[in-house]
Each structure stands twice: as C-alpha cells, then as structure tokens.
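Let's take a friendly look at the aromatic rings in this protein and at the company they keep.

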Amino acid sequence: MSGPKKRPYKSLARERQANDTRQRIVAATRELLETDGYAGMTIEAIAQRAEVSAPSVYAIFKSKAGILAELMDQSSFGPEYNDAVEEALNMEDPEARLRLAARIARQIHDAQALTFDLLRGAGVVAPDLAKLEQRRERLRYERQQAMIGFLRDAGRLRPELEYRMARDIFWVLTGRDIYRMLVRERGWTPQQYQEWLGDALVRALMSPKRSGSVRHRR
C-alpha cells in the first residue's frame, strides 16, 4: 500500500515563480511606456528591466501586443473588480445585482481610461489600440452572460426581450463609449454616471416584480 502523497511543493514554487516573472514583465512594460514611449518598449528593453531573458518574455506573452493585453486586463479586472463580482454573486435580489453591475462598469472604465491615456500618450499605434479594444470587448461580452441568465432565471427579464437581445443591450449600455461621452466629454462625475447607468439598466432589462416566485425555464 502506497504512503500518503506528498504535496507538490516544487510545482507550487514554480507557479509562484512564473507569476512573479509575469508581474515583473508587466510592471517593466508600464514603466517603459511612461519613460520611453511605445518605441522604446522593445522586448529586449522589457527583459532587461524585468531582469529576465528576452526568450522568456516571448515564451510567456508571444509579442508586445500580448504584453499590452495583459496590462489592460490587469487594469480592468483587478482586485476591486473581483471583489465586486463576488459581492454580486452573493446577491439574491435581481435589481440590486443589476445596479451593482453599473458600479462594476464604472470601476472598469475608470481604470481603463487611465491605461488608455498611458498607451495613447506613449504613442501606441492606432491599429494596436484597436486590437486591444476588440479583445477587451469580447471579454466583456462573455463575462456579462451570467447577469442576463440570472435575470431570466429569476423571472425578472423583460418578457419581450430575447436572451441575445438582452445581452446586446446590456453590453451596449455598459460600454466605454457611453462612459466616455458622459464623463469625459460632458463632464459627469463617475458617480453620476454609475447612478444613471443603474437606472437605465433596470428600465431597459427588468420586468416589474410579480407577486410570488416565478421561475423561468432555461
């Protein structure tokens, strides 16, 4: 009979080391963007500042675009985002959860606005920015699926809305363009944007509360 299995200490250590290397590369990239711009953000310069080899940078991120995508992800979906998502998942009230989605959208856009400003100021070319934006929007659309499914299963999704249409509306209303127009161009405070968005989401997606518990089939 074999004895108890040993914990994979070496695997855990390698995982921590790999994550540390990843974080150092991203931090080095941000520093280079701030000091030397996009032109100075070469793989070799990143490797030197992060104290890793250039082949290691390529192995982890494949390209400069891959590093920028990670930089954007970390600014968008960091600890505050994860805490808010966990809070939302523990909410049973559909309207409260939908209004929390407005707060999450605000958090994402506040963080991303600073990162996009950094990238533009560093001279990141338009095609690369467009690719980052497209990737970010795909991720955002995928992550929003659970919210619409929750409204549907709770019997609170407007009956005239098809599931895909509801997802599209949710995606559009929480998009960066509306945030940019209201906050950046019209001077709304982020809090005003969040409160307006919460009301808009409730009006656009939720049916009036019915007496008793009504469950929709999938």
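What follows covers ring pairs first and then charges over rings.

Please keep in mind that this is a predicted model. The count of aromatic pairs comes to three, and two of these, Tyr 141 with Trp 171 and Tyr 179 with Tyr 193, are described here. A pair of aromatic rings is described by the distance of the centres and the angle of the planes, and the table gives both values.

| Pair | Centre to centre | Angle between planes | Arrangement |
|---|---|---|---|
| Tyr 141 and Trp 171 | 6.0 Å | 90 degrees | edge-to-face |
| Tyr 179 and Tyr 193 | 5.2 Å | 90 degrees | edge-to-face |

Where do Tyr 141 and Trp 171 sit along the chain? Tyr 141 belongs to helix α7 (residues 126-143) and Trp 171 to helix α9 (residues 163-173), so their contact ties together parts that are 30 residues apart in sequence. Tyr 141 is partly exposed, at a relative accessible area of 22%. Trp 171 is also partly exposed, with 30% relative accessibility.

The pair of Tyr 179 and Tyr 193 has its planes at 90 degrees, and because over 60 counts as edge-to-face, that is its label. Tyr 179 is part of helix α10 (residues 176-185) while Tyr 193 is part of helix α11 (residues 190-205), so this pair links parts 14 residues apart in sequence. Are these two tyrosines, Tyr 179 and Tyr 193, buried or exposed? Both Tyr 179 and Tyr 193 are buried.

Now for the charges. Lys 64 is placed over the face of Tyr 38, 4.1 Å from the ring centre. Over the ring of Phe 150 sits the charged end of Arg 97, at 3.6 Å from the centre of that ring.

How values were computed
Residues are numbered from 1 along each chain as its sequence is written. This is a predicted model: local features need pLDDT of at least 70, side-chain atom pairs count only at pLDDT 80 or more; totals for chains, interfaces and linings use all residues. Side-chain values use heavy atoms; hydrogens and water are left out. Rings of Phe, Tyr and Trp (its six-membered ring) pair if their centres lie within 6.5 Å; planes under 30 degrees apart count as stacked, over 60 as edge-to-face and the rest as tilted. Helices (H or I, at least four residues) and strands (E, at least two) are DSSP runs, numbered from the N terminus. Buried means under 20% relative accessible area, exposed over 50%, partly exposed in between (1.4 Å probe, protein chains only). A charge sits over a ring if NZ of Lys or CZ of Arg is within 6 Å of the ring centre and within 35 degrees of the ring normal.
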